[in-house]
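Thanks for coming, everyone. Let's get the model on the screen. I'll keep this brisk.

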Amino acid sequence: MGIDFGVFTLVKKFGVLLAAGLSVVLMGALGQTPGPSPTPGERTSPPTFYKDVIPILQNKCQSCHRSGEAAPMALATYEQTRPWAAKIAGAVEMKMMPPWFADPRYGRFSNDPSLSAEEIATISAWQKAGAPAGDLRDAPAPRTWSEGWNIPQPDLVVKMPRAVQIPASGEVEYTYEIAPTHFAEDKWVQMVEVRPSGTAHVHHAVVYIRPPDSTWLRHAPVGEPFTASMLTDSEERRQAHETTSDLLLVYAPGSAPDRWADGMAKFVPAGSDLVFQMHYTTNGAAASDETSVGLVFAKNPPKQRVITLQLNNHALLIPPEADDFRVEVQGTLPNDATLLSLFPHMHLRGKRFEYDIVHDDGSVETLLRVNYHFHWQLSYKLAEPRELKTGTKLRAVAWYDNSKNNPHNPDPEKLVTWGDQASQEMMVGFFDVAVPAGMDKWKYFIRGGEVGKQQ
C-alpha cells in the first residue's frame, strides 16, 4: 500500500399441547400407534422471522445490511428481508455470508461473525417453510446504530477537504489528500472508522498520522488531492510511497473499524495532519469520493499505545501460469509487544496468506491462515491478545495463483511484480501491537529493550 444463518425449542402453548393430546387419543381408538413424542429441544413449528431470524440478522448481518451501508440490500425489517430469503439461505448454507476467511484450525478471533450450525439451520428451515413472518410481538427491540457509523457517534469527523473526481475507465494513480487536525493538544484515539463516500471505487485507503515535526510530503499541497507524479521534487515523489509515519487505520472492502480495549489507544500528537492515501479503481461510470474518518477519543490517558507494523516483500516475481507461488518474509521483534490483530493485503492473484511464529527450535506456530478473497479484505482481531517477547521471529507467507484457473487474473501470461495497481501485486502483512504509552515507532525499533524498560 505505500502500502478483514438446529436445535429448535418446543412451542409450549396450551392449544398446541391439547391438540397433540387429542390426536393420541384418536389414534389409540383407531388402533394406531402414535409416532414418537417430541423430545425436549425439538421444534413443532417452523422458525419465524420475528422470533428466530431477526435476532441473527441483528447480531451478525446488520452492520453491513442496513440503510446507508455498503451491502446492496437492507435486512432490518421483514418486508426488506422476505424477498431475499432464498438467497440468504443459500449464502449462509455455503458459508459465503457473513464473510470470514480464516481457517478454523488456527487461532480464535473476537470479530469472527461466522454463524453457528444452529443459526444456519434456523435460517434454512425458515426459508424452506416459506419464510413466515410470525408474531411481531416476538421480535426483539430494533438494534440501535450510530447514524452513518459502526462505532459510537464520533467525537470528531475528519473529512478529505475536497472530493476526488474518479474517471469512468483506466487506472488511477494513488491519490493523496492532507487534512490538518488543528489539534491544540495530544489526542488518544480509542475507536476509529474510515468511511468512503464512493465505496464502489475504493480498492483501499490508508490514513496516516503525520506529526508536526515530520518532513514527509512537506512540499505537497494541503487540502487538495494530488498524486506522486504531480510533485515537483523527485525525492518526494519517491517518498510518497515510503513513510515511517504511523497508520491510524487501513480500510479495504469488508474491513471493520478499530475498537481498542480500555487502556489502549492510538496516539495523534498535537498539530498533526491526517494523510489520506486512496487507491481508486474504475468501473465504467465516473464518480467522486470524499472519504471521512471518525474518531472516538479515550476518556483517560491509556497505559499502552497501539502501533501498526508490517511484514512485506517487495521483491516478489510471480511467474506466468504459476498456480501456487509462495512468497515469504520474516522479521524479529526488537522489543516486547502485545499482538492484537492481523491484516493481510494482496491483490487479484492472492490465494492464501499466513502469519507464523518461528520458534528457536525451528518449529512453526501458525497464528492465522486466510483463504484470501480480494473483494473482502478483513482484519483478524485476536480473541486473546498475545504477549510476544523481544527476539520473537514472525513470518508472513503468501501464495499466489497466476494461472488461467484464477477467474480474477488479469493476465496469466504475465510475469507479475510489485506495484500499486490491482493488475500488479503486493505482499503486506500488517499487524497491530500494543507497547508502553511513551514509546513510538522509532523507540520501538531501538533493539535491546532498554527503551521499553524505561517506559
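I'll go through confidence, then helix packing, then the sheets, then some local backbone points.

Ground rules come before that. This is a predicted model, where local features need pLDDT of at least 70, side-chain atom pairs count only at pLDDT 80 or more, and totals for chains, interfaces and linings use all residues. Residues are numbered from 1 along each chain as its sequence is written, and side-chain values use heavy atoms, with hydrogens and water left out.

Confidence. pLDDT is the predictor's confidence in each residue, from 0 to 100. The protein has a mean pLDDT of 87. Of its residues, 89% reach 70 or more. Where is confidence lowest, and where is it highest? The low end is helix H1, residues 14-29, at a mean of 29. The high end is strand S20, residues 393-400, at 98. Helices here are DSSP runs of H or I with at least four residues, strands are runs of E with at least two, and both are numbered from the N terminus.

Two stretches need care. Residues 1-41 stay under 50 in pLDDT. The model still gives them 72 contacts beyond four places in sequence. Contact means heavy atoms within 4.5 Å. Residues 449-455 are also below 50, with 13 contacts beyond near neighbours in sequence.

Now helix packing. Two packed helices are described by the angle between their axes and the distance between the axes. Axes are lines fitted to C-alpha atoms, for helices over the stretch in contact, and angles run from 0 to 180 degrees between N-to-C directions.

Take H4, residues 85-93, and H5, residues 117-128. Their axes come within 9 Å and cross at roughly 150°. So H4 and H5 are roughly antiparallel. The cut-offs are under 35 degrees for roughly parallel, over 145 for roughly antiparallel, 65 to 115 for roughly perpendicular, and oblique for the rest. The H4 and H5 crossing is left-handed. That means the near helix is turned anticlockwise from the far one by less than a right angle; clockwise would be right-handed.

Who touches whom? From H4, we have Ala85, Ala86, Ile88, Ala89, Val92 and Glu93. From H5, they meet Ile120, Ile123, Ser124, Trp126 and Gln127. By class, the H4 and H5 contact has eight nonpolar, two polar and one charged residues. Nonpolar covers Ala, Val, Leu, Ile, Met, Phe, Trp, Tyr, Cys and Pro; charged is Asp, Glu, Lys and Arg; the others, Gly among them, are polar.

H5 also packs with H2, residues 49-60. These axes come within 10 Å and cross at roughly 130°. That makes H2 oblique to H5. The crossing of H2 and H5 is left-handed. Phe49, Asp52, Val53, Ile56 and Lys60 in H2 meet Glu119, Thr122, Ile123 and Trp126 in H5. The class count for H2 with H5 is five nonpolar, one polar and three charged.

On to the sheets. Strands pair here if DSSP finds at least two bridges between them. One open sheet has four strands, ordered S15-S20-S17-S18, with antiparallel pairing. Its edge strands are S15 (325-332) and S18 (364-371), each pairing on one side only. Neighbouring strands of this sheet are turned by 15° against each other on average, direction ignored. S17, residues 350-358, pairs with S20 over eight bridges. Glutamate 354 has valine 397 in S20 as its bridge partner.

The other open sheet has five strands, S6-S3-S10-S5-S7, also antiparallel. S6 (226-227) and S7 (247-251) each have a single partner strand, so one side of each has no neighbour in the sheet. Four bridges join S5, residues 202-210, to S7. Alanine 205 stands opposite tyrosine 251 in S7.

Last, the backbone. Most residues other than glycine have a negative phi, and most peptide bonds are trans. Which peptide bond is cis? The one from methionine 97 to proline 98, with omega near -10°. Proline 98 sits in the loop between H4 and H5. Leucine 217 has a positive phi of about 55°. Its loop runs between S5 and S6.
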